[in-house]
Every structure is written in structure tokens, then in C-alpha cells.
Amino acid sequence: MATTESFLVPDVPDLDPDTFGTDSGAVALTDPIHDIDGDGVLDTQTFDAGDAVVIASDLDSDGDADHLTMIHEDGAYASWEFRRDGDGVVHWQQTDGGTLGNG
């Protein structure tokens, strides 16, 4: 039997893959639905953002994404990690990128 919960759409983080970069702020995850590290805690959310699919993970359970991977329709991808420097300054650092497939 279908319930109203079956039709709920999870909150999607406000993120623009075309302008995302080092100085982008924190990305809040409110509806993780996957447990990618197997610890029993839901930590990852996938969603569409423009022409990209985003995989966002909050592995320290603070409510903000620690890792993001964005895969665009043309096969271009970029992976990012959220970092806090010793002086408390936060920023994203790109950890991988390229093109999938024959592109």
C-alpha cells in the first residue's frame, strides 16, 4: 500500500556544479539515503544538479558534505574534499577529475 511517505522528495542541497570551486561554502546534507562506508549510518546522498549528477558524502556526521563527486552529461567529472586549515579557514580541494568514456 502506498503511503504519503512514498511520495516525499528529499531536500536537495543548493549546489551549482558549473560554478563550484575552492571557495564554495559548506554543502548541507539533510537527507542522506546511502551508507557507503558500512558503519550503519546513512551518510551519502545522490541528486541531479543542472546537467550533472552529484554524489555527496558526510562521513563525519556533522551535517555537511565532506566529499563531493560531480559527473556531467558530457562525461566530465570532478571530485572534491572539504578541508579545514590549521587556522580554521575552510575550503574545497579538488582531489580528482577528468573525462569518463571516450570523450
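## A negative surface patch

In this predicted model, Asp14, Asp16, Asp18, Asp48, Asp51, Glu73 and Asp74 together form a negative patch on the surface. One of these residues, aspartate 18, belongs to the segment that comes before strand 1, which covers residues 44-49. Aspartate 18 counts as exposed because its relative accessible area is 58%, and the cut-off for that word is over 50%.

## Valine 27, a buried residue

Valine 27 is also placed in the segment before strand 1, but here the relative accessible area is 4%, so valine 27 is described as buried, a word that applies under 20%.

When neighbours within four places in sequence are left aside, the residues in contact with valine 27 are Pro13, Leu15, Phe20, Gly63, Asp64, Ala65, Leu68 and Trp92. One of these contacts, leucine 68, is 41 residues away from valine 27 along the chain, and the C-alpha atoms of the two residues are separated by 9.2 Å.

## Aspartate 66, a buried charge

Aspartate 66 sits in the loop that links strand 2 (52-57) with strand 3 (67-72). Which side chain of opposite charge is nearest to aspartate 66? It is that of arginine 84, at a distance of 8.5 Å, and aspartate 66, although buried, has no salt bridge. For a salt bridge, a side-chain nitrogen of Lys or Arg would have to lie within 4 Å of a carboxyl oxygen.

Apart from neighbours within four places in sequence, aspartate 66 is in contact with Ser57, Asp58, Leu59, Asp60, Trp80, Glu81, Phe82 and Trp92. Trp92 also appears among the contacts of valine 27.

Notes
Residues numbered from 1 in each chain as written. Predicted model: local features only at pLDDT ≥ 70, side-chain atom pairs only at ≥ 80, totals over all residues. Heavy atoms only, no water. Helix = DSSP H or I, 4+ residues; strand = E, 2+ residues; numbered from the N terminus. Buried < 20%, exposed > 50% of the residue type's maximum accessible area, 1.4 Å probe, protein only. Lys, Arg positive; Asp, Glu negative; His and termini not counted. Contact = heavy atoms within 4.5 Å. Patch = residues over 30% accessible without salt bridge, like charges linked within 9 Å, V, L, I, M, F, W, Y side chains within 5 Å. Areas by Shrake-Rupley, 256 points an atom, 1.4 Å probe, with all protein chains shown as cover. Charge placed at Lys NZ, Arg CZ, Asp CG, Glu CD.
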